[in-house]
Amino acid sequence: MMLNVLFSAAPTSWDNYRDPLHEALAVEGIKAHLNRDFAPEDVDYIVFAPDGPVRDFTAYTRTKAVLGLWAGVESIVDNKTLTQPLARMVDEGLTRGMVEWVTGHALRHHLGMDTQIIGQDGVWRRHLPPLAPDRPVTILGLGALGVACAHALTGLGFPVTGWSRTSKDITGLKCLHGLKGLHDALHHAEILVLLLPLTEDTQNIVNAETLALLPKGAVVINPGRGPLIDDTALLAALDDGHIAHATLDVFRIEPLPVDHPYWAHPRVTVTPHIASTTRPETATRVIASRATSRVSKPDCHCCIR
Ligand SMILES: NC(=O)c1ccc[n+]([C@@H]2O[C@H](COP(=O)([O-])OP(=O)(O)OC[C@H]3O[C@@H](n4cnc5c(N)ncnc54)[C@H](OP(=O)(O)O)[C@@H]3O)[C@@H](O)[C@H]2O)c1
């Protein structure tokens, strides 16, 4: 049977995904017309990103599932017109990218690499950093990305504490939850990594009060979402030396405006939302396998709703 797969994402994504997605569907043995435009009632699957044209799912009466292209589901999960099953993207390439970015930036600060890279001035300074077991790391958010980063860091010897909404038991990690858990998690965090989604509860979770709980000289690494941080409070904590450095990948406004104080701050590193991204080669395999599961087993468990 020939399936109609609607690709609803930005035009640039179509250029990147069209050929790999055709190939991945063929590998899974799915015969499909893949296009950016179908009559809604003819669509079997929607490959969906929030930057694409579909906003209202009501007319997609035959659609068996909406297959997310982005990891975050914040922008779709509360859409009242979405009655079809929603499969979220958990892409091996995206997870791996995040692990590499977080580990790289954590090691930069742990080893004090800037002193050698930027501060080479002919003076023989032998400053030995502590070893990883003496550098506590806290990760706020123990989802697919937070846990993968936590395992990579514990693999290097860092003692990692993770904090999440619900209680968890994950081998090798100290897992905390709730408000008291947050305070405990921050108390010893020499490196703090933010991997929370943006919700009403997580907005401004890093603020003057929570920053004050971190030990003096802590480093903040944010590849989560910009509004997790109260920017004014972070700048004040950097200026008074309580926070040694902030490495920020995500911002309230993106691209970060050219006159934003983060750009010029000597203890802030700005990266342009590149910590990790869904990769066509790996993500298309996930989409094709989700579609296969739905075709062969309509009650499969790949969908989150
Ligand atoms: N910079 C980039 O390039 C990039 C790329 C991809 C993703 N991201 C960001 O990374 C975030 C994490 O991704 P993910 O796939 O790991 O997300 P996820 O699987 O949805 O996990 C989210 C985690 O956050 C926790 N959480 C949510 N609300 C909370 C609250 N109010 N209090 C405490 N914990 C809370 C959840 O706790 P429970 O498990 O208890 O529910 C879960 O552990 C995404 O939301 C996105 O913002 C950034």
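# Notebook: strands, cores and loops in a predicted model

I began with strand 10 and strand 11, and I found that these two run parallel and are joined by five bridges. The model I am reading is a predicted one, so I looked up the confidence before going further: the chain averages a pLDDT of 94, and 96% of the residues score at least 70. Among the elements of the chain, strand 9 has the highest mean pLDDT, 99, while helix 2, residues 74-77, has the lowest, 79.

**Strand 11 and the core around it.** Within the pair I started from, I noted that Val220 has Ala246 of strand 11 as its bridge partner. I then asked how many of the six residues of strand 11 are buried. Five of them are, and I therefore wrote the strand down as mostly covered, with buried taken as under 20% relative accessible area.

I next listed the largest nonpolar core, which has 31 residues, and marked Leu211, Leu214, Val220, Leu234, Ile243 and Tyr262 as the ones that touch the most other members. The elements that give two or more residues to this core are helix 6 (178-187), strand 9 (191-194), strand 10 (218-222), helix 8 (231-239), strand 11 (243-248) and strand 12 (268-270). Helix 8 provides the largest share, five residues. For Leu234 I looked up the contacts, leaving aside neighbours within four places in sequence, and found Leu211, Ile229, Ile243, Ala246, Leu248 and Tyr262. Another core, of 27 residues, lies apart from this one and includes Leu142, Ala150, Val160 and Leu195.

**Strand 7.** Since Val160 is among the members of that other core, I turned to strand 7, residues 160-164, where five of the five residues are buried. Which residues cover each of its two faces? On one side I found Val160, Gly162 and Ser164, and on the other Thr161 and Trp163, all of them buried. Strand 7 pairs with strand 6, residues 137-140, in the parallel sense over four bridges, and one of the bridge pairs sets Thr138 against Thr161 of strand 7.

**The open sheet.** I then followed the five strands that form an open sheet with parallel pairing, in the order 2-1-3-4-5. Strand 2 (32-35) and strand 5 (86-87) stand at the edges with a single partner strand each, so one side of each has no neighbour in the sheet. Helix 1, residues 11-27, packs on the sheet and touches strand 1 (3-8), strand 2 and strand 3, and its direction makes about 175 degrees with that of strand 2. Strand 3 (residues 45-48) and strand 4 (residues 65-68) run parallel and are joined by four bridges, with Phe48 opposite Gly68 in strand 4.

**Arg225 and His273.** I looked up Arg225 in the loop between strand 10 and helix 8, where its relative accessible area of 29% makes it partly exposed. Not counting neighbours within four places in sequence, Arg225 is in contact with Glu74, Leu196, Leu198, Val250 and His273. The last of these, His273, sits in the loop between strand 12 and helix 10 (280-296), and has a positive phi of about 50 degrees although it is not a glycine. His273 is also partly exposed, at a relative accessible area of 36%.

**Other backbone points.** Asn204, in the loop between strand 9 and helix 7 (208-213), likewise has a positive phi, of about 60 degrees, without being a glycine, and its relative accessibility of 28% counts as partly exposed. In the loop between strand 11 and helix 9 (261-264) I found Pro255, and the peptide bond that leads to it from Glu254 is cis, with omega near -5 degrees.

**Thr95.** I checked this residue in helix 3, residues 92-111: buried or exposed? Thr95 counts as buried, because its relative accessibility is 17% and the cut-off for buried is under 20%. Beyond residues up to four places away in sequence, Thr95 touches Ala144, Leu145, Ala148 and Ser276.

**Whole chain.** I closed with the overall values: the chain has ten helices and twelve strands, and 50% of its 305 residues are buried. Of the contacts with a separation of 6 or more, 63% are between residues 24 or more positions apart. The C-alpha trace spans about 70 × 40 × 35 Å along its principal axes, and the accessible surface comes to about 15500 Å², of which 56% belongs to carbon and sulfur atoms.

Definitions and conventions. Residues numbered from 1 in each chain as written. Predicted model: local features only at pLDDT ≥ 70, side-chain atom pairs only at ≥ 80, totals over all residues. Heavy atoms only, no water. Pairing = 2+ DSSP bridges. Contact = heavy atoms within 4.5 Å. Axes fitted to C-alpha atoms, helices over the stretch in contact; angles between N-to-C directions. Core = buried A, V, L, I, M, F, W, Y, C linked by side-chain atoms within 4.5 Å. Buried < 20%, exposed > 50% of the residue type's maximum accessible area, 1.4 Å probe, protein only. Areas by Shrake-Rupley, 256 points an atom, 1.4 Å probe, with all protein chains shown as cover. pLDDT = per-residue confidence, 0-100.
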